[in-house]
Amino acid sequence: MFTTAEITETPVMAGKRNQLVNELRQKGIVSEQVLQAIGKVPRQLFFPMDFEQFVYRDAPFPIGHGQTISQPYTVAFQTALLQLKTGDKVLEIGTGSGYQAAVLSAIGVQVYTVETVLPLLKDAIKVLKILDNDIKCFHGDGTMGLPAFAPYDAIVVTAGAPEVPASLVNQLKPGGRLVIPVGDKPDSQIMFRISKTPDGKIINESFGPFRFVPLKGKEGWSK
Ligand code: SAH
């Protein structure tokens, strides 16, 4: 379902992406690190075919299997909250299209990403390969994290959770950050950042309302 014929970028696409970056700046994204990464990743690769006119709108879009590619503003907002440094080890829960993973990789961090819906993961892997990065993709229930490669400097959850999965907090390094939308309804959340201080204390901050598809799985919403 994903186009690979769009690898060659047109000046129109590049221009629209620049406009999107400016729009995100106007909407309050100040991290140059994040804006530069959004400016680098060709979002058209992660889009279903024949929907070119939607690629650089600041909106989510259906990618099949009832899932969506996140709105660019949301991708930028979550990525900025992660406060990343080059070389950090980052875990993403909810690969979806692979776009958020590609943005993380463009920042220069090591990306591990987990997805439950196998066909989506397979499509994402194909696209991510084209971009010549080293993103490690896994199939499974991300609410349990990815213990084999833990601990992580940062973890980002791109689906809405009923509560913060304990496994994810456990897999943070001291000094690490978990960014996760949490809400008591499957389609309405508040963005949280849970930080583990160097001496192991947990700090909780909240950053306003968002709307994600539900996080399923053992420590998510039941199927
Ligand atoms: N980061 C994605 C957004 C995808 S939407 C992007 O940039 O396109 C959220 C994704 O989370 C969906 O693909 C959904 O299938 C996946 N998901 C939901 N519950 C999950 C779980 N427990 N583990 C892993 N992925 C999950």
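Two worked exercises on this predicted model follow, one on the ligand site and one on aromatic pairs.

**Exercise 1. The ligand site**

Task: Work out where the ligand sits, which residues surround it, and which polar contacts its nitrogen atoms make.

Solution:

1. Start with the location. The ligand occupies the largest pocket.
2. List the neighbours. The ligand is surrounded by 27 residues. Glu92, Ser97, Glu115, Gly142 and Lys216 are the closest.
3. Sort the shell by class. It holds 13 polar, 10 nonpolar and 4 charged residues.
4. Map the shell onto secondary structure. Strands E2 (67–69), E3 (89–93) and E4 (110–115) and helix H4 (99–107) each contribute at least two residues. E2 gives the most, with 3 residues.
5. Check the polar contacts. The cut-off is an N or O pair within 3.5 Å. Glu92 uses a polar side-chain atom, 2.8 Å from a ligand nitrogen. Lys216 uses a polar backbone atom, 2.7 Å from a ligand nitrogen. Thr116 places a backbone N or O atom 3.4 Å from a ligand nitrogen.
6. Finish with cover. On its own, the ligand has 580 Å² of accessible area. The protein covers 99% of that area.

**Exercise 2. An aromatic pair**

Task: Classify the pair formed by Tyr112 and Tyr152, and place each residue in its strand.

Solution:

1. Count the pairs. The whole structure contains 13 aromatic pairs.
2. Take the geometry of Tyr112 and Tyr152. Their ring centres are 6.1 Å apart, and the planes meet at 65 degrees.
3. Apply the cut-off. Planes over 60 degrees apart count as edge-to-face, so this pair is edge-to-face.
4. Locate the partners. Tyr112 lies in strand E4, and Tyr152 in strand E6 (residues 152–157). They are 40 residues apart, so the pair links distant parts of the chain.

How values were computed
Residues numbered from 1 in each chain as written. Predicted model: local features only at pLDDT ≥ 70, side-chain atom pairs only at ≥ 80, totals over all residues. Heavy atoms only, no water. Near = heavy atom within 4 Å. Polar contact = N/O pair within 3.5 Å; in protein donor to acceptor, adjacent residues only side chain to side chain. Areas by Shrake-Rupley, 256 points an atom, 1.4 Å probe, with all protein chains shown as cover. 1 Å grid on protein atoms, 1.4 Å probe; cavity = no way out; pocket = protein on both sides within 12 Å on 5 of 7 lines; lining within 4 Å. Sits in = over half its atoms within 2 Å of the grid points. Helix = DSSP H or I, 4+ residues; strand = E, 2+ residues; numbered from the N terminus. Nonpolar A, V, L, I, M, F, W, Y, C, P; charged D, E, K, R; others polar. Phe/Tyr/Trp six-rings, centres within 6.5 Å; stacked < 30°, edge-to-face > 60°.
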